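Me: I have a protein model to study and would like to talk it through. Could you help me read it?

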Amino acid sequence: MAVATEDYTPTIALDGARKQRGNLTQARIRWMILGVLLGFLLVGGRLVQLGMVETDQTIEGQTRDAIQASRPPILDRNGLEMALDIRVPSLYAEPRRIIDVEEAVQKLRTVLPNLSEEWLRNRLSGDRGFVWVQRELTPAIQEQVMRLGIPGIDFITESKRFYPGMNEAAHILGSTNVDNQGISGIERAMDNDSLALLQELGLARGNALTPVDLSVDMRVQHVLHNELTDAMQRYQSIAAAGVIMDIYSGEVIALASLPDFNPNEPATALVKDTFNRITSGIFEPGSIFKTVTLAGALDAGAVRMTDQFDARYGVRFGRYTISDFHGKNRILSLPEVYKYSSNIGTIRIMQEMGKDNFRAFLSRLKFDQRVEFELPEMRVPTVPKELSEVAAATASFGHGLSVSPLHMVAAYAAFANGGNYIAPTLYKRSVAEAEQLYERVLQPQTSAYMRYLMRLNAISTGGSGSQMNRAAQGYRAGGKTGTAEKVVDGRYSSSKVTNFFASAFPLDNPRYAMLIMIDEPQRENPQSGTTAGWNAGAMTGRVVQRVAPMLGIAPDFSEMLDQQIVPPEVRRIFPEGY
């Protein structure tokens, strides 16, 4: 707005002052904007700089995600928890923040006297940013340490694996280390599959992971573990082991090996002789291998159920003669060769088949390769690639080769299920899924013959399975004993033996195969013996008696069920079915 005087003189002075003030204001605004921009640039630059710095997220070599990672619960086939995570405090220190190391050492040892004073002093000294002091403590100890009020001492919450069943499924579950990583058993197998990747990516940290369902039935597992513990005391043996498998699905229902360990204390697994004898032990199987020989010869058509074999004299190889342990010294029918566990008769049956065909049959049953199984603790069997006449003869009755009990139970499952080999598994698998994996190793008729022979050995007079059958009355179990002399100082020892009983039940409608092993058993009483029927066989019967009702198998004492499994050609010759 212009202001004028009466003589119309322009108000130049007033306009100039306003313009001057306007210019000054604009300049201030520009400086202010420039200052703000510079501020933003400085802050942005600093943020970029900080973003480019790689901070150390590890704690003594382990990533924080890995240390705090969770593991999925492990459940048995009925949903019972076999392993789960619990949250525990772990004590750590920041040495560079500790004001008085000596005072911190003395105070901490009042709560944690197990820590070495010198070790703790070295641990707390220096300018490191993080060191563990003691991991996996109880909340009570955590509270006591916190009351000490030591600067630079604090806690981090970790996951710790807990196994409610303690030792009962130790060799199935394995254990984890202090960083909650699987180091053995199914825990390690899970890490090898995909869990380790999830933990590395941090996706397993603080998240609820889908439970892992195992095929194991903890009720049956408890019975098996309990009976093995009893067997070690009853027979004063140095070890005992057992496994039960569903013959159609391949699911392992129970597996235990003693001596075992407490997975809650992983260091106990390092004690001598606590290895898993079912998967990582290989043994000469003894006479339970005669079932393999007879199955191969029958399936090849080399012998028939009604054939007879001369067992009057031993089989001679050079200076050596192989004879029978309880020789009948007469002609034996094929069922009698099995029932009386005749070495002579079994060699003659193998010879009818031919040693090369016999060796090929061992490959068909996968006795010369690792069993396809989840547990990493596994040994490859020792079976000669080629068999000489002598080697084939001894192998026919289970000597001169070594296989794992898992190999044997998988073979017995095929003998009983119609002739299909199915790899065992610790994960749940339906029969329909298993059928996709079947490998036929026997004709169905041969499988029917083997079921008859196993049951015959249990119910017939003189059969080595009679002790087992006495304990498992009504459940139609059957199988074969094996007593293998151990090699001591390079020679077979008759006083130290490993005993086996391989079986299936119920044989009128088979569903489960089982193998029991007892190492170096002693006589239970003066009237008993040390061969397999007295210990491994009797224990098998006790296990069947207890677990069959849990598995939905009802007792039935009808003799008609046993008569139904006698092959017609045998019944024609021996109406009583032996």
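Reply: The exchange below goes through salt bridges, aromatic rings and a surface patch.

Me: What should I know before starting?

Reply: This is a predicted model, in which local features need pLDDT of at least 70 and side-chain atom pairs count only at pLDDT 80 or more, while totals for chains, interfaces and linings use all residues. Residues are numbered from 1 along each chain as its sequence is written, and side-chain values use heavy atoms, with hydrogens and water left out.

Me: OK, how many salt bridges are there?

Reply: The count is 31 salt bridges, where a salt bridge is a side-chain nitrogen of Lys or Arg within 4 Å of a carboxyl oxygen of Asp or Glu. One of them joins Asp-191 to Arg-71, with the closest N and O atoms 3.0 Å apart. Asp-191 is in helix H7 (residues 185-201) and Arg-71 is in the loop between helix H2 (64-67) and strand S3 (74-75), so this pair ties together parts that are 120 residues apart in sequence. Helices (H or I, at least four residues) and strands (E, at least two) are DSSP runs, numbered from the N terminus.

Me: Is Arg-71 buried or exposed?

Reply: Arg-71 is buried, because its relative accessible area is 4%. Buried means under 20% relative accessible area, exposed means over 50%, and partly exposed is in between (1.4 Å probe, protein chains only). Asp-191 is also buried, at 12% relative accessibility.

Me: And which salt bridge sits within helix H8?

Reply: Arg-234 and Asp-230 meet in a salt bridge at 3.0 Å, N to O. Both lie in helix H8 (residues 218-234), 4 residues apart, which is about one turn of the helix. Arg-234 is partly exposed at 27%, and Asp-230 is partly exposed at 24%.

Me: New topic: how many aromatic pairs are there?

Reply: There are 6 aromatic pairs. Rings of Phe, Tyr and Trp (its six-membered ring) pair if their centres lie within 6.5 Å; planes under 30 degrees apart count as stacked, over 60 as edge-to-face and the rest as tilted. The ring centres of Phe-130 and Trp-132 are 5.1 Å apart and their planes are at 90°, so this pair is edge-to-face. Phe-130 and Trp-132 are both buried, and ring pairs link them with Tyr-92 into a cluster.

Me: Last one: where does Leu-34 lie?

Reply: Leu-34 lies in helix H1 (residues 12-52). Leu-34 counts as partly exposed because its relative accessibility is 38%.
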